[in-house]
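Before any coordinates are used in a calculation, it helps to ask where a model can be read closely and where it calls for restraint. The report below takes up that matter together with packing and surface features.

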Amino acid sequence: MMPAAAKFQFHMVARVDDVAHFEEVDLKPNPEFDFALLSRMGWSKNVLEERDAPDQIILGAFNSFFCCLLGLAIYLEGWKELGLGDMNRFLFGESDDPENNKNWMAATWREIWNRDEFIRLAPGPVGTHSGRKYSSTHARRMGCDKDDIDSRGRWRKRRVQDRYVSPNLPFPDAKVGAALCVGGPCKYELVEGSGITQGWLRQVVVPNIIAKDGISNRVADVLALPLLWAAMDPEMEGRMPEGMRTRIENAYNNQRVLGEGLNPVRKRLLIISGQNARVMINVVPDGDAGAIGGGGGGAIGQGMNGDNGQAIHARLHALEVGMMSMRDLFQQGLDRQMAFMRVMNGNVRRIAVQPGARQAAPNNGALAMAVLSPLPCNLHVLWLEWTNGIGGRKAARLFTPQERGQNKYKYHRRKVVWEVIARLVRGGRTAQAAIDMIYAAYGHGSVTSIINRMRRDRANGGHPNLQ
């Protein structure tokens, strides 16, 4: 059980606690890709509600030591063959209490880590979270984005977008899942002319998985091919129950169609990509990846081994990461350009509301009319009317008592603005800054609406931001 649980934990970027709570019914067939499975971790530390538990893909790996499908196939067929866990709804463990299963797995891990055979490659403590640290670090080293790894590991940052973005993100999930397929992601498929049928696979290879009520027959169909591959691969000897291996090998040899030593199942390299928000999984053609599979490390024929497959996958993934980096750089440049344009537009709008440079008309007595403008368009014009006058008129600050009386209504209403600006200017601000403060307090409405609101506020001591 522990090898399968370790592969599952690595592939799903999960904790031991998550694995112990995983139920059989949450292992489902993939309706879009019949060579893969789906898992749904409805219980996890970071899954706070049902919508936080997305369907996540499970892929095969060329390296058999890391292949999750192979680990599940050997474990489930052997586990059920021994009659263990038949009354247990959880995928891993003998107890119907997930806490007991978690404690048992944690104790088993500690026993393994304390053995002399266990080699520490780096200093520091080793615990149950080390598996999750290993898988997330491996995905990061393979070039996966942090956000994509967070999605695969079901980490929730609780950002605003998390309230709106669906947790079902097939392409980012498949991309990280493929990166966690050491040796490259693969598809198990029957060699043409092998003479094997689905009925034979169910009856001979996975009869115990088929008999389990909590596991779908379509899940068993997916797991049958990796199990048959392992039974017929000489390098898998000693890595699966000998009775199971012998049973399957003898049954196939009794009806063998292919030549001696040829495995009826081969592995095909997969390429993961995304298009129009959908995940695309394509098989590398035989001419590029070989044909008949063999070898415990996942050789795929014609001199193309698992390391070569991983190299191809890593190269393609690097190209994809490079394209995404270029897209991000382009987006950053576009964002900077848009920010610059917003600043430019703001400056243009600010200049537009400023009065142009004007030569003050000579105020030489009778030649200057003591009349206020009928409708100043903004506060800048209104202040210019106070200081210098506009349109050849006399500056309002120079009006005599008699002239103020002649413009009593307009003068009295506009005086509230003039007084605030004059007070702020005396306090050390420029007239431009004072006017900007008024606009900030009351908005860019009409001069009339601003005057009305300032008059109401003056009755209560004035606006607090204009003190």
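The text that follows treats confidence, then the nonpolar cores, then two methionines.

This is a predicted model, and the protein averages a pLDDT of 79, with 81% of the residues scoring at least 70. Over residues 289-304 the pLDDT is below 50, although this stretch has 52 contacts in the model beyond near neighbours in sequence. A further stretch, residues 357-361, also stays under 50 in pLDDT, and for it the model has three contacts beyond four places in sequence. Where pLDDT is low, the predicted coordinates should not be read in detail.

Turning to the interior, the largest nonpolar core has 79 residues, and Leu 59 and Phe 92 are those with the most contacts inside it. Helix α10, which spans residues 217-231, gives the most to this core, contributing 11 residues. Another core, of 27 residues, lies apart from it and includes Tyr 411, Ala 422, Ala 441 and Ile 451.

Two methionines can be set side by side by element and relative accessibility.

| Residue | Element | Relative accessibility |
|---|---|---|
| Met 280 | strand β7 (residues 278-283) | 27% |
| Met 338 | helix α13 (residues 306-352) | 42% |

Met 280 counts as partly exposed because its relative accessibility is 27%, and its C-alpha atom is separated by 9.9 Å from that of Leu 270, 10 residues apart along the chain. Met 338, at 42% relative accessibility, likewise counts as partly exposed, and together with Phe 330 and Leu 334 this residue forms a nonpolar patch on the surface, with about 310 Å² of accessible area for the three together.

Conventions: Residues are numbered from 1 along each chain as its sequence is written. This is a predicted model: local features need pLDDT of at least 70, side-chain atom pairs count only at pLDDT 80 or more; totals for chains, interfaces and linings use all residues. Side-chain values use heavy atoms; hydrogens and water are left out. Helices (H or I, at least four residues) and strands (E, at least two) are DSSP runs, numbered from the N terminus. Buried means under 20% relative accessible area, exposed over 50%, partly exposed in between (1.4 Å probe, protein chains only). Patches are made of residues with over 30% relative accessible area and no salt bridge: like charges are joined within 9 Å, nonpolar side chains (Val, Leu, Ile, Met, Phe, Trp, Tyr) within 5 Å. Accessible areas come from the Shrake-Rupley method with a 1.4 Å probe; for residues, only the protein chains shown count as cover. A salt bridge is a side-chain nitrogen of Lys or Arg within 4 Å of a carboxyl oxygen of Asp or Glu. pLDDT is the predictor's confidence in each residue, from 0 to 100. Contact means heavy atoms within 4.5 Å. A nonpolar core is a set of buried Ala, Val, Leu, Ile, Met, Phe, Trp, Tyr and Cys residues joined through side-chain atoms within 4.5 Å.
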